[in-house]
Amino acid sequence: MTSMPATLRLHRRRRGEIPESLFGLSLASPAIVVTLALLAYPLVYSLWVSLHKVTLGNDNWKWVGLDNYTSILRDPLFLPSLGRTLTFALIVTVFTTIVGLAVALILTENFRGRAIFRTLLILPWALSQTMLALTFGWIFNSTFGPLNGLLFDLGLINEYIAWFSSGQNVLYIIAMGLVWSLVPFAALLFLGALQTVPEELERAARVDGAGPIRRFLLIKVPWIRETLLIVVIISALNGFLTFSPIYILTGGGPGTETYLLSWWGYRTGFLDLDLGRSAAIFYVMTMLIAVLALATVAGLGRRRDI
Amino acid sequence: MTAATAIAPAISAKSAQMRQRRERRRRVRKALRSAAIILFLVWIVAPFYFLLLVSFQSKADSLSTPPNWFPIPDFSNYARILGRALTNAPISGPPDLILPGIVNSAIVATITGLLNVVFGSLAGYAFARLRFPGSRRLPSVLLASQMVPAFALLVPYYVVLRRLGLTNTLTGVIIAELSITLPFTIWLLRGYFLGIPIALERAARVDGCSRIQTIYKVVLPLARPGLIAVSLFAFMVAWNDFLFAIVLNSRTDSMLIQPAIAGLYNVREQSFGIMAAGSLLAAIPTMLLVLFLQRFLVRGILSGATKG
């Protein structure tokens with residue numbers, strides 16, 4: 001904000017020019033209009049839909065008030081799906097953060113092949129969740145998947161393991177795939193932040209007798225707190241919103257064992273054709289994200305004082 | 001003086017011992033580090049290796065247990081996917097949708113990227129350099145809007161686009177992709193413009209450039225790396241998106257690449273080779289992009305997030 005006075009002079013109005021505020025608005029307005037029309041309006045409209053009984057493919061809307069919301073909250077699928085979604089997001093967040101930090105710490109050191117390591121590291125980021133689902137579905141396929149074959153050939157197992165035997169296992173495997181694809185991104189963010197830790201601070205701590213672990217916890221972690229917050233939020237969001245692996249690998253099954261909120265909402269709207277209820281589920285999801293994000297920002301932000 | 005000379009040998013012996021111990025500890029540390037590096041490399045590369053492996057195997061080879069780790073190269077999977085382009089035969093199964101999917105997604109993603117640059121650069125510049133009603137508060141609203149999940153927009157987009165006759169068209173998907181990419185683009189570019197020295201613009205103004213001239217003769221050329229990066233970033237988001245692609249556009253003749261790939265997953269048919277080949281083909285553009293973009297994206301996301 002220090003540049004503001006200079007900015008004002010930069011675009012001071014000249015003869016024949018429109019006022020600065022008008023000029024700024026005219027530059028920004030296409031984007032503002034697009035954002036309003038494509039983001040704000042649909043959000044409001046979604047609320048409107050969620051207050052109706054709307055069947056996909058039928059234009060007759062029936063006002064039902066908050067019925068969709070009360071029926072969702074009472075639905076026996078709601079709490080299990082919510083719990084699963086939260087656990088899934090938590091697992092993804094914790095592992096992405098820890099592994100990402102570990103990789104970043106390794107990358108701060110000099111070793112032969114560092115450049116190659118860094119380049120290879122980024123590749124998983126390129127795969128979409130769809131490709132991720134296919135890849136991990138194939139690797140863990142119990143009969144033809146390479147993982148069982150590899151473990152068997154190495155003599156680590158005597159018979160093939162049915163990796164997809166329960167819904168919970170499938171979710172763990174999907175979470176692992178997601179961590180695999182998020183770690184590069186987390187590691188590079190952490191690396192960038194770790195490289196800004198002042199050397200004097202580290203040296204001073206070393207002189208004071210702090211070992212590597214305490215130096216890491218007491219100096220590096222607080223220093224990269226903002227990056228930590230970003231990584232936590234981004235990986236939690238990715239976990240919370242995981243959808244295509246469920247769509248492709250399980251369809252929510254066996255039974256309803258792999259229902260995440262995203263899948264439940266999609267299924268309700270686009271397979272059971274109940275758009276109003278689907279909009280309500282997605283609205284509840286959005287609210288949950290808002291609450292969780294605020295809580296995370298408040299929680300991690302508070303550490304500043306310690 | 002004499003006391004000091006008497007102690008000195010003892011000290012040096014002790015320090016030699018300590019040095020030795022430190023040396024040993026360093027070697028252990030180095031070995032541990034190497035082990036960790038190798039472990040991470042295997043963990044990163046193994047899925048790609050498995051994919052490549054099975055994509056270059058004949059179906060019979062891919063179903064052998066235990067697997068062949070070094071196969072006789074076989075191109076039948078790629079031939080099956082790419083073959084239709086030459087013969088122009090009618091679509092006869094999910095593999096035939098990969099190439100049209102790539103073309104459709106390339107159109108959607110490219111237009112999304114271009115629109116992001118056009119809208120995003122103007123707005124990003126305005127938010128970085130100009131003062132107007134909302135110029136201070138709107139950027140943080142844009143950032144907060146990143147928390148709105150695409151799911152929240154799914155039902156309204158479906159209803160409205162259907163009413164407008166835009167479901168199952170590429171236009172409809174482009175509109176949806178724009179909504180999830182543009183706010184972030186504006187935010188990133190605002191950060192980028194803030195990083196450009198203002199003196200250059202002032203010099204241009206002093207030399208008699210109009211505001212518009214200043215922007216397109218001075219600012220935009222300087223911001224070219226940023227503009228390229230945000231467009232590629234938006235390209236990647238649109239290319240990899242599955243949700244809008246499958247809900248807003250489910251017909252086979254306008255199908256996008258991610259649903260097309262999802263259609264390859266069929267455990268019963270055991271066509272793992274084709275599945276892997278399709279995934280790898282569809283991942284080529286994004287893999288090139290991340291290799292090209294990595295430095296910028298990390299810097300961009302960080303600057304976007306910290307430059308309040």
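Let's start at the contact between two helices. On the chain A side, A:Ala31, A:Val34, A:Thr35, A:Leu38 and A:Leu39 of α2(A) take part. Facing them in α7(B) are B:Ile175, B:Leu178, B:Ser179, B:Leu182, B:Pro183 and B:Ile186. By class, that contact has nine nonpolar residues, two polar ones and no charged ones. Keep in mind that this is a predicted model.

Now the geometry. Two packed helices are described by the angle between their axes and the distance between the axes. Here α2(A) and helix α7 of chain B, residues 170-194, pack at about 130°, with their axes 9 Å apart. So α2(A) is oblique to α7(B), since the angle falls outside the range of 65 to 115 and is not over 145 degrees. The crossing is left-handed.

Let's widen the view to the whole interface. How many residues of chain A are in contact with chain B? The count is 81 residues of chain A, against 79 residues of chain B. Which helix gives the most on the chain A side? Helix α2, residues 20-50, with 19 residues. The chain A side as a whole divides into 53 nonpolar, 23 polar and five charged residues.

On to chain B itself. Chain B has 13 helices and zero strands. Read along the sequence, the pattern is α-α-α-α-α-α-α-α-α-α-α-α-α. Now its dimensions. The radius of gyration of chain B is 28 Å, where a compact globule of 308 residues would have one near 19 Å. Along the principal axes, the C-alpha trace of chain B spans about 100 × 75 × 35 Å. Of its 308 residues, 45% count as buried. Among contacts in chain B with a separation of 6 or more, 75% come from residues 24 or more positions apart.

Here is a helix pair inside chain B. Helix α4, residues 98-129, packs with helix α10, residues 224-240, at an angle of about 140°. Their axes are 8 Å apart. That makes α4(B) oblique to α10(B), because the cut-off for roughly antiparallel is over 145 degrees. This crossing is right-handed. From α4(B), the contact includes B:Ser105, B:Val108, B:Ala109, B:Gly113 and B:Gly120. From α10(B), it includes B:Leu227, B:Val230, B:Phe235 and B:Trp239. The classes here are eleven nonpolar, eight polar and no charged residues.

Next, backbone angles. Most residues other than glycine have a negative phi, and most peptide bonds are trans. Two residues to look at, one per chain.

In chain A, A:Leu273 has a positive phi of about 65°, although it is not a glycine. Where is A:Leu273? In the loop between α13 (261-270) and α14 (275-302) of chain A. A:Leu273 has 14 other C-beta atoms within 10 Å, so A:Leu273 is partly exposed.

In chain B, look at B:Asn168. Its phi is positive too, near 60°, and B:Asn168 is a residue other than glycine. B:Asn168 lies in the loop between α6 (150-163) and α7 of chain B. With 17 other C-beta atoms within 10 Å, B:Asn168 is partly exposed, because buried takes 20 or more.

One last residue. A:Leu218 sits in helix α10 of chain A, residues 212-223. Why is A:Leu218 partly exposed? Because 13 other C-beta atoms lie within 10 Å, and exposed would take 12 or fewer. A:Leu218 and A:Ala205 are 13 residues apart in sequence, and 9.2 Å apart in space, C-alpha to C-alpha.

Definitions and conventions:
Residues numbered from 1 in each chain as written. Chains lettered and ligands numbered in written order. Predicted model: local features only at pLDDT ≥ 70, side-chain atom pairs only at ≥ 80, totals over all residues. Contact = placed C-beta atoms within 7 Å. Helix = DSSP H or I, 4+ residues; strand = E, 2+ residues; numbered from the N terminus. Nonpolar A, V, L, I, M, F, W, Y, C, P; charged D, E, K, R; others polar. Rg over C-alpha atoms; globule rule 2.2 N^0.38 Å. Axes fitted to C-alpha atoms, helices over the stretch in contact; angles between N-to-C directions. Parallel < 35°, antiparallel > 145°, perpendicular 65-115°, else oblique. Left-handed = near helix turned anticlockwise from the far one by under 90°.
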